[in-house]
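This report looks at one protein chain, starting with an unusual backbone stretch and going on to a pocket, the aromatic pairs and an annotated domain.

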Amino acid sequence: MFGAEEFARRVVEARAAMAAAGADLLLVDHGELLAWLTGYTVSETMYRAALLPLEGEPWFVLRALDEDPCRRKTWLRDIVGFVDTADPHGVIAETIAARGLARARIGADFNSYGFSAHTRDRLQALLPAARFVDLSGLSDRLRRVKSPAELAVLAQAAAIADSAMEAVRCQARPGITPREASAVAAAEFLRLGADIGDVGPIVRGAGDNEFLHGALGTEALGEGDVLHVELIPKVANYGARLMRPILVGADRRGVGRIAERLIQLQDRQIAAMKPGTAAAEVDALLREAVLAEGLRARYDNVTGYTLGLYARTPRTSDFSYAFRPNADWRLEAGMVFHMYASAGGIGISETVVVEPAGGRRLTTAPRRLLLGGT
């Protein structure tokens, strides 16, 4: 999916971070950073890691069962596979010692869900002369700005979301169930080349934000109901996101007015998403107006968060850079976000990239309350 120049750039950035922290070796066990740095990622059924020295060739240590898929997807040449009866931490420590790095300063992202207290203590016991350097948040920082190649893949995922949304809209008539709508979206994902058919929450729209993470149901929607559709297609592990409300039948609750106003306020946010702008200021453009106008009594959730790589990870949303009132970071060109707003059973969202003139939508579905079955 990505060429040699792209991975070479990533290695340079990772090594610059290592040098700044005084690390001789980088232990990479964070799922997204594995994919970003090596082109391959795999679940932590058994512990696995890639290791990048400040100088010299990197290597990957993982189950022998995953060795062949890894070789087919990564640019790394040095792949060490271990049998299922082996101790993964022990194998990794042996490879480090064999390469003359037993006394190295080993950088690790202490925020990585792979780098548990057990992993840290086990590796330290196996490599008593080594010193572990805390590079907490390194994975998120390295990946925060997307390259042109990454943006191209995100655009592919966004196009799948747009097409799948239209396919669901066409089928959204009285009597449809969220499960049936999910099946339509999943089929469209797979037909168009998404990694998997995981479509995101598709539920009856009700409430201000509680429906956003609702469970998939089998209840039939009736005249005047809103089908809330969130789509999360991934291409090469890069995920775009799109939310739209689809009206089933006539608008009996005036939800069209709510959707129109949320879109107007979110448009202000997107226009303000320029490099150097404070995230809290972007957040306030939507949050404060929604509260002041009484669209919601409370607004406790974020109004946007980071998009990019979503590997096999415990987190389904990346809040490393999120829009909230206490956000203390500023936008950079090339950052990509899922910007979303909700009230009154209506949810609207876009995949947005930060550019000098303001945010640009990668998702291009019509920005309105969609009418089902028309």
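## Backbone, pocket and aromatic pairs

In this predicted model, Asn237 has a relative accessibility of 23% and therefore counts as partly exposed, since that class begins where the buried one, under 20%, ends. Asn237 is found in the loop between β9 and β10, and its phi is positive, at about 75 degrees, although Asn237 is not a glycine. Ala236 is placed in the loop between β9 (234-235) and β10, and its phi, near 55 degrees, is likewise a positive value in a residue other than glycine. With a relative accessibility of 23%, Ala236 counts as partly exposed. As background to these two values, most residues other than glycine have a negative phi.

Asn237 also has a place in the description of the largest pocket, where Asn237 is one of the lining residues that lie nearest the centre, together with Lys234, Tyr310, Ala311 and Arg312. The space in the largest pocket comes to about 1100 Å³, and its lining is made up of 45 residues. By residue class, that lining divides into 23 nonpolar, 12 polar and 10 charged residues. Among the elements that each supply at least two residues of the lining are the helices α1 (4-21), α2 (31-38) and α3 (67-73), and the strands β10 (238-239) and β14 (336-343) also each supply at least two.

How many aromatic pairs does a search of the whole structure find? The search finds 12 aromatic pairs, and two of these, both tilted, are set out below by the distance between ring centres and the angle between ring planes.

| Aromatic pair | Centre to centre | Angle between planes | Class |
|---|---|---|---|
| Phe115 and Phe132 | 5.9 Å | 45 degrees | tilted |
| Tyr305 and Phe319 | 5.2 Å | 35 degrees | tilted |

The pair of Phe115 and Phe132 links distant parts of the chain, 17 residues apart, with Phe115 in the loop between β5 (105-108) and α5 (117-126) and Phe132 in strand β6 (residues 131-134). Phe115 and Phe132 are both buried. The pair of Tyr305 and Phe319 also links distant parts of the chain, with Tyr305 in strand β12 (residues 304-306) and Phe319 in strand β13 (residues 318-323), 14 residues apart. Tyr305 counts as buried because its relative accessibility is 4%, whereas Phe319, with a relative accessible area of 36%, is partly exposed. Apart from these two pairs, Phe2, Phe7, Trp75 and Tyr238 form one aromatic cluster.

The UniProt record, an unreviewed entry, places the feature "domain: Creatinase N-terminal" at residues 10-145. Over residues 10-145 the chain is 40% helix and 20% strand, and the C-alpha atoms at the two ends are 11 Å apart.

Thr95 offers a closer view of one position in helix α4 (residues 88-98). Is Thr95 buried or exposed? Thr95 has a relative accessibility of 8% and so counts as buried, the limit for that class being under 20%. When its neighbours within four places in sequence are left aside, Thr95 is in contact with Trp59, Val61 and Val80.

Key
Residues numbered from 1 in each chain as written. Predicted model: local features only at pLDDT ≥ 70, side-chain atom pairs only at ≥ 80, totals over all residues. Heavy atoms only, no water. UniProt positions renumbered as here; feature names shortened; annotations may be inferred. Helix = DSSP H or I, 4+ residues; strand = E, 2+ residues; numbered from the N terminus. Buried < 20%, exposed > 50% of the residue type's maximum accessible area, 1.4 Å probe, protein only. Contact = heavy atoms within 4.5 Å. 1 Å grid on protein atoms, 1.4 Å probe; cavity = no way out; pocket = protein on both sides within 12 Å on 5 of 7 lines; lining within 4 Å. Points joined across faces, edges and corners; volume = space filled by probe spheres on them. Nonpolar A, V, L, I, M, F, W, Y, C, P; charged D, E, K, R; others polar. Phe/Tyr/Trp six-rings, centres within 6.5 Å; stacked < 30°, edge-to-face > 60°.
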